[in-house]
Amino acid sequence: MMVEKNASGPSIADGTDRLVTLLHNKGADNATAVIEALKKDQVVLLKKLSSSDADVLMNAIANKLGLGDSLQLQAAFASSLGHREKIGNYYMSVNARENYQFVSPHSEGSSFINMQLASFYCYENTTDGGETILLHVNQGAQVWQKLRELVTRGKSQRPLTPPEVKQIKVAFRLNMPADTLKPEDEILSRKMPVPGFELFDVLTKPRKMHSQLLDEDLYAYWDSIDSIDVDSAEEFYRFLIKEGLIKLPANRSDVKTLDTDADRRVRKFGDKYEQLFDRKIIYKMQSGDFVIQNNLSWTHAVNNWTPGSGTRKVAAAFA
Ligand SMILES: [Fe+2]
């Protein structure tokens, strides 16, 4: 294992003061204090929770915010897709990754789903890395003009019946006619799954979505932006080197082998993390830690670790 560090150049401001630790009172109402902190755009940490404490707390927070259905839906949806495994009531395993792979910063999901909350619960984290990295989105960054989100669009050559609109929504995650192909969309692929109805994968300009916690429209660096952004892997790699966090195999690796999303990235948007993000929190979760944050304003990412150095078992819940 080798660690490389290069601290030169601009860096993202430290946001550790935005990470607040709250005491967990068993059997009491912990959700109100958590929501109060979330409304100040803080990231909240509670320590020494059991996994069922985490389930209870997450459910209470989501319900108080009117997001109880969304919490249940996300847990059911993730396990039905088979790429995540449900743990407890609302938490699911994080996506599997290869040795030495990192997960670049993203807000979970896409503008279509607009998930408001992201929470993580740590069972075990004894590796020599695996730090959780939370980067706060800079709403005023110029690069929002250049970034693109991968979204699905439709185009109908005939009027759709109400049952068809419903069917299209479920099958393709598309709200017709709102998600009709737009002149400015860049088409990546097209198919016709229903006679007279075309479906497109397109790159489109990111749009601000409503944050319930902050009661404000925000840009979010959704997974549907990050995972197609070639620069993001390079930038995250550079960030990890700068922070002295990355672990590299003895035979070195190029960024692609370290990147869980290497196969999905299609475009360079020219973004620099120091512009895209204005605050960083680097925190190594410990057994029993519960972390929750606004899923729009804060991205989440994970550093890699040396294979065999320990076990990392962290679960995630979204609403
Ligand atoms: Fe994620």
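A residue is called buried here when its relative accessible area is under 20%. By this criterion both His106 and Glu108 are buried in the predicted model described below. These two residues are among the ligands of an iron ion, which is coordinated by His106 through NE2, by Glu108 through OE and by His300 through NE2. The coordinating distances run from 2.0 to 2.2 Å. Along the sequence the donor residues follow the spacing H-x1-E-x191-H. The site therefore joins His106 and Glu108, with one residue between them, to a histidine that follows Glu108 after 191 intervening residues. His106 falls within strand E5 (103-106), and His300 within strand E15 (298-302).

The overall form of the chain was examined next. The protein chain contains 8 helices and 16 strands. Its C-alpha atoms fill a box of roughly 55 × 50 × 35 Å along the principal axes. The radius of gyration is 20 Å, in agreement with the value near 20 Å that would apply to a compact globule of 319 residues. Of these 319 residues, 52% count as buried. Among contacts between residues at least 6 apart in sequence, 82% join residues at least 24 apart.

The accessible surface of the protein chain comes to about 14600 Å², and carbon and sulfur atoms account for 51% of this area. The chain carries 40 positive and 41 negative side chains. The centres of the two charge sets lie 1 Å apart.

Backbone geometry was then considered. Most residues other than glycine have a negative phi, and most peptide bonds are trans. An exception to the second tendency is the peptide bond from Met176 to Pro177, which is cis, with omega near 10 degrees. Pro177 lies in the loop that runs between helix H4 (162-172) and strand E9 (186-194).

Positive phi values in residues other than glycine include those of Asp41 and Tyr100. For Asp41, phi is near 65 degrees. This residue, Asp41, occupies the loop between helix H1 (31-38) and strand E2 (43-46). Asp41 has a relative accessible area of 9% and is therefore buried. For Tyr100, phi is near 70 degrees. Tyr100 is placed in the loop between strand E4 (91-93) and strand E5 (103-106). With a relative accessibility of 16%, Tyr100 also falls under the 20% limit and so counts as buried.

The loop between E4 and E5 also holds Glu98. In contrast to the buried Tyr100, Glu98 is exposed, at 60% relative accessibility. The C-alpha atoms of Glu98 and Thr257 are 8.7 Å apart in space, although 159 residues separate the two in sequence.

Pro307 lies in another loop, between strand E15 (298-302) and strand E16 (312-318). Its relative accessible area is 30%, so Pro307 is partly exposed. When neighbours within four places in sequence are left aside, Pro307 is in contact with Asn99 and Tyr100. The second of these partners, Tyr100, is the residue with positive phi in the loop between E4 and E5. Pro307 and Gly68 are 239 residues apart along the chain, and their C-alpha atoms are separated by 37 Å.

Strand E4, which precedes this E4 to E5 loop, includes Met92. Met92 has a relative accessibility of 2% and therefore counts as buried. Not counting residues up to four places away in sequence, Met92 touches Gln74, Ala75, Ala78, Arg84, Glu85, Lys86, Ile87, Ala315, Ala316, Ala317 and Phe318. Among these partners, Ala315, Ala316, Ala317 and Phe318 have numbers that fall within strand E16 (312-318). Met92 and Asp69 are 23 residues apart in sequence, with a C-alpha separation of 16 Å.

Pro159 is located in the loop between strand E8 (149-156) and H4. With a relative accessibility of 75%, over the 50% limit, Pro159 counts as exposed. The C-alpha atoms of Pro159 and Lys272 are separated by 44 Å, and the two residues are 113 positions apart along the chain. Helix H4 thus follows the loop that holds Pro159 and precedes the loop that holds Pro177.

Notes
Residues are numbered from 1 along each chain as its sequence is written. This is a predicted model: local features need pLDDT of at least 70, side-chain atom pairs count only at pLDDT 80 or more; totals for chains, interfaces and linings use all residues. Side-chain values use heavy atoms; hydrogens and water are left out. Donors are N, O and S atoms within 2.8 Å of the metal (3.2 Å for Na, K and Ca); water is not among the atoms, so sites may look incomplete. Buried means under 20% relative accessible area, exposed over 50%, partly exposed in between (1.4 Å probe, protein chains only). Helices (H or I, at least four residues) and strands (E, at least two) are DSSP runs, numbered from the N terminus. The radius of gyration is taken over C-alpha atoms; the globule rule is 2.2 Å times the number of residues to the power 0.38. Contact means heavy atoms within 4.5 Å. Accessible areas come from the Shrake-Rupley method with a 1.4 Å probe; for residues, only the protein chains shown count as cover. Lys and Arg count as positive and Asp and Glu as negative; His and the chain ends are not counted. The place of a charge is taken as NZ of Lys, CZ of Arg, CG of Asp or CD of Glu.
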